[in-house]
Amino acid sequence: MLKNDTVQTIREKALWMRRRAFKMVYDAQLGHPGGDFSAIDIIATLYFGVMRYDATKPALESRDRFIMSKGHATGALYTALCAAGYYPEDWLDTYMQPNSRLNGHPNRNYLPGVETNTGPLGHGLPVGLGIAIAAQISEQAHRTFVLTGDGELQEGSNWEAAMTAGHRKVENLTLIVDRNRLQQGMGTEETNGLDPLDEKFRAFGWEALMVDGHDIGALLDVLATPRMGRGRPLCVIANTVKGKGVSFMENKASWHHGVPNAEQYGIALEELV
């Protein structure tokens, strides 16, 4: 498939994911749509343009691994797994309901395609590092991708993992930071400043690149580039917009865990076209 065709396919998947995830949040009156929407272009690019997997064989040893460390953004993850063929769409209708497999945080015991349970922030990168080290030791070719929020990087466990990954030159590990600059309640730089984030990761022995997190072509260029032989893990700092695609949500911290009323839901569906 030509790159332009791949980009268009990913855009279409991302649009469907936004519309479907917002319906899930509206129906449940629960969720984290702001962070869903900042991350969806990244996740769609991974699942429909970069990663190797077989949804009919979720435990296939040669599969690439994806860990959603910002585990509260389940609207983005669950719609991606559904679109990738891991389960039927009617499962999405059970989002957040009692006894649903689609909990507020992903659980690998309930859902195919979920590599590890996430929710408490700061755990995804350490787990992903362990998976990547195991592949490095056993000389397996699969890659491990971890998506974190930017506010999540205020958890010290991330930096312990970053130091180890740089020391061990774990080149099959890619961290993507959803850099929307907003966390629950206020901006990341007001809470505990992260900049210059790229220089911090380079100091830990990583290759660090900055990209527009809503530019599918740019994400493909960075994430699909082979890593073997580079000798360093990769950190992609994806500059994003919280609530991307819906005017009343964009860059609003209140939509970290906001839920729409009927009027807002209608406006969003008119804009998401």
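Is histidine 214 buried or exposed? In this predicted model, histidine 214 has a relative accessible area of 16%, and because buried means under 20%, the residue counts as buried. Its place along the chain is the loop that runs between strand S4 (207-212) and helix H8 (216-223).

The surroundings of histidine 214 can be followed through its side chain. A polar contact of 2.7 Å links this side chain to that of aspartate 41, and a polar atom of the histidine 214 side chain also lies 2.9 Å from the backbone nitrogen of valine 241. When neighbours within four places in sequence are left aside, the residues in contact with histidine 214 are Arg18, Phe37, Ser38, Asp41, Asn239, Thr240, Val241 and Lys244.

One of these contacts, threonine 240, repays a visit of its own. Threonine 240 sits in the loop between S5 and H9, and with a relative accessibility of 8% it is buried, since the cut-off for that term is under 20%. Again without neighbours up to four places away in sequence, threonine 240 is in contact with Ser38, Ile42, Asp178, Arg179, Asn180, Gly213 and His214. Ser38 therefore appears in the contacts of histidine 214 as well as in those of threonine 240.

From this site we can step back to the chain as a whole. Its secondary structure comes to 9 helices and 5 strands, which follow one another along the sequence in the pattern α-α-β-α-α-β-α-β-α-α-β-α-β-α. The C-alpha atoms fill a box of roughly 50 × 45 × 40 Å along the principal axes. For 273 residues a compact globule would have a radius of gyration near 19 Å, and the 17 Å of this chain agrees with that expectation. Of the contacts with a separation of 6 or more, 77% are between residues 24 or more positions apart. Buried residues make up 53% of the 273 in the chain, while the area that the chain exposes is about 11500 Å², of which carbon and sulfur atoms supply 51%.

The interior comes next. In soluble globular proteins, nonpolar side chains tend to be buried together. Here the largest nonpolar core holds 55 residues, and the members that touch the most others are Ile43, Tyr47, Phe66, Tyr78 and Ile176. Two or more residues each are given to this core by helix H1 (3-28), helix H2 (33-50), strand S1 (65-68), helix H3 (74-83), strand S2 (144-149), H8, strand S5 (234-239) and helix H9 (262-271). The largest share, 10 residues, comes from H2. Apart from this core lies another, of 22 residues, among them Leu129, Leu153, Leu194 and Ala208.

Tyrosine 47 shows the packing in detail: not counting residues up to four places away in sequence, it touches Tyr53, Phe66, Leu77, Ala80, Leu81, Ala84, Tyr86 and Gly113. Among these partners, Leu77, Ala80 and Leu81 are buried residues of H3, which leads to that helix.

Because 9 of the 10 residues of H3 are buried, the helix is largely enclosed by the rest of the structure. The buried residues are Thr74, Gly75, Ala76, Leu77, Tyr78, Thr79, Ala80, Leu81 and Cys82, and their cover includes H1, H2 and S1. Just after H3, glycine 85 takes a positive phi of about 100 degrees.

Technical notes: Residues are numbered from 1 along each chain as its sequence is written. This is a predicted model: local features need pLDDT of at least 70, side-chain atom pairs count only at pLDDT 80 or more; totals for chains, interfaces and linings use all residues. Side-chain values use heavy atoms; hydrogens and water are left out. Helices (H or I, at least four residues) and strands (E, at least two) are DSSP runs, numbered from the N terminus. Buried means under 20% relative accessible area, exposed over 50%, partly exposed in between (1.4 Å probe, protein chains only). A polar contact is a pair of N or O atoms within 3.5 Å; within protein, one must be able to donate a hydrogen and the other to accept it, and residues adjacent in sequence count only if both atoms are side-chain atoms. Contact means heavy atoms within 4.5 Å. A nonpolar core is a set of buried Ala, Val, Leu, Ile, Met, Phe, Trp, Tyr and Cys residues joined through side-chain atoms within 4.5 Å. The radius of gyration is taken over C-alpha atoms; the globule rule is 2.2 Å times the number of residues to the power 0.38. Accessible areas come from the Shrake-Rupley method with a 1.4 Å probe; for residues, only the protein chains shown count as cover.
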